[in-house]
Amino acid sequence: MNATDRDVLISRIIDGEASAEDWSLVRAMAERDPTLWSELAAAQQDHTELCAAVAMRVDIAEQIEAPIEEVASQTLRRRLRLAGSGGGWLIAAALALAWVLGPHTGRPAPVSHGAALFPHIGTTPEEALEAYIQRGAQSGRVVGVVPELLVQDSWALEDGSGYEIYYIRQIVERVVVPDLYRLTQTESGELVPTKAPLPSQRSGRM
Amino acid sequence: MSVLEGPQVRREVLAAMRGDPDALRTLWQQHRRWVAAILLAHKPREADLEDLLQEVAMVMVRSMHELRDPAAFKPWLRMVAVNAAKALGRSTSLRRLRYTADAPGEGAASPDPGPEAMVRTREEGRQLLEIAEQLPEGYREPLLMRCIQGMSYREIGRVLDLPETTIETRIARGRRMLRELLAGRATRDGVLKQTPSMEIES
């Protein structure tokens with residue numbers, strides 16, 4: 001038996017993985033070389049002390065949580081920055097509207113109690129969306145729906161049943177607000193909404 | 001069934017890949033201790049473990065959706081940890097504290113029983129960890145991981161992408177090296193030497 005085999009046997013005993021055959025081998029070896037028992041005891045003690053030290057060090061991990069909200073916030077800020085720099089201030093202003101005005105004027109109220117309470121919107125997301133568009137058009141909120149969907153990501157499903165696609169649906173809306181804001185960047189890099197008055201005439205693009 | 005293995009873990013990995021916040025939280029809580037052990041095995045000694053853990057948690061949450069194979073989650077998370085530790089090592093000018101001949105083995109043991117025993121054990125454990133951190137990478141990782149939540153050879157093998165038999169051999173050899181280094185037999189001129197017995201076995 002070479003040194004590695006001896007080490008593996010000792011290690012198995014320390015880890016509680018030794019079989020009856022392993023123990024027989026150890027006893028036979030110890031009969032020829034009784035220092036094996038003291039070597040085993042020393043190795044066991046080293047392992048216990050090492051693990052105690054490791055446990056003390058890694059205990060700090062219990063205090064570290066996954067930063068879900070922080071990452072979500074960073075992602076939103078990054079998207080706002082991209083919109084502000086790449087799409088011009090009009091896009092940034094549109095995002096600022098959603099940001100400043102909140103969900104009440106920018107999108108339909110969430111359906112939280114099932115379709116039974118709102119029979120007029122239907123039972124499927126498609127029916128609810130269609131109802132929203134129709135009622136929005138009647139009230140003047142919805143101007144139109146852009147036919148193209150903007151595909152963000154797509155991949156094949158693991159079970160081979162098809163593809164998963166993430167896309168953005170574009171609905172053009174109109175809203176009247178007392179103030180208009182645009183996003184500007186402070187010296188520290190924070191995006192803050194600031195008032196951005198426009199001339200009173202229409203751009204004529206709509 | 002271990003909390004680190006099984007169909008439930010696979011479901012959580014899949015959910016986390018889709019961005020499910022609860023799954024991300026749970027996964028991190030289940031795996032953060034062995035991630036800490038990986039960081040211990042790779043980080044520069046002066047680096048703060050807490051900062052590195054926060055960095056790894058951040059990367060995991062931010063990049064989990066890029067993972068394509070749920071079975072690759074653990075090796076992937078390990079690589080995130082190794083990269084975080086090594087990036088810190090590259091970016092910081094570090095004073096290398098070297099293992100010296102008289103540091104680990106001498107002056108630690110006290111024959112006195114009683115309240116001092118606990119302190120002595122802690123001190124010896126600290127020295128052992130210090131030596132373990134100096135072992136070749138292939139040995140120190142499984143050796144430290146074995147101390148985490150009783151991780152089995154198989155679980156360690158999944159993280160390191162190695163067969164169980166290799167993990168078993170490396171842990172056994174790593175323990176041998178620890179004992180030798182602790183006794184001061186494998187040191188010369190005050191600096192840990194890479195001896196033939198420390199070459200990686202697979």
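## A tour from helix to interface

Begin by selecting two helices of chain B (helices being DSSP runs of H or I with at least four residues, and strands runs of E with at least two, numbered from the N terminus): B:Gly138, B:Tyr139, B:Arg140, B:Pro142 and B:Leu143 of helix 6 meet B:Ile167, B:Arg170, B:Ile171, B:Arg173, B:Gly174, B:Arg175 and B:Met177 of helix 8, where two residues are in contact if their C-beta atoms, placed from the backbone, lie within 7 Å. The residues of this contact divide into six nonpolar, two polar and four charged, with Ala, Val, Leu, Ile, Met, Phe, Trp, Tyr, Cys and Pro counted as nonpolar, Asp, Glu, Lys and Arg as charged, and the others, Gly among them, as polar.

What you see is a predicted model, in which local features need pLDDT of at least 70 and side-chain atom pairs count only at pLDDT 80 or more, while totals for chains, interfaces and linings use all residues. Residues are numbered from 1 along each chain as its sequence is written, and chains are lettered from A and ligands numbered from 1 in the order in which they are written.

Now show helix 6 (residues 137-145) and helix 8 (residues 164-182) of chain B in full, which pack at an angle of about 100 degrees with their axes 8 Å apart; the axes are lines fitted to C-alpha atoms over the stretch in contact, and angles run from 0 to 180 degrees between N-to-C directions. These two helices of chain B are therefore roughly perpendicular (65 to 115 degrees, whereas under 35 is roughly parallel, over 145 roughly antiparallel and the rest oblique).

Next, select B:Arg33, which lies in helix 2 (residues 21-42) of chain B. B:Arg33 counts as buried because it has 22 C-beta neighbours inside 10 Å, the cut-off being 20 or more other C-beta atoms within 10 Å of its own, placed from the backbone. Apart from neighbours within four places in sequence, B:Arg33 is in contact with A:Val58, A:Ala61, B:Ile148 and B:Gln149.

Follow B:Arg33 across to chain A, whose secondary structure comes to seven helices and four strands. Of the 206 residues of chain A, 11% count as buried.

Finally, colour the contact between the chains, which takes 26 residues from chain A and 39 residues from chain B. On the side of chain A that touches chain B, helix 1 (3-14), helix 3 (35-58) and helix 4 (68-86) each supply at least two residues, and the largest share, 13 residues, comes from helix 3 of chain A. The residues on that side of chain A divide into 18 nonpolar, three polar and five charged.

Methods:
A residue is buried if 20 or more other C-beta atoms lie within 10 Å of its own, exposed if 12 or fewer, and partly exposed in between; C-beta atoms are placed from the backbone.
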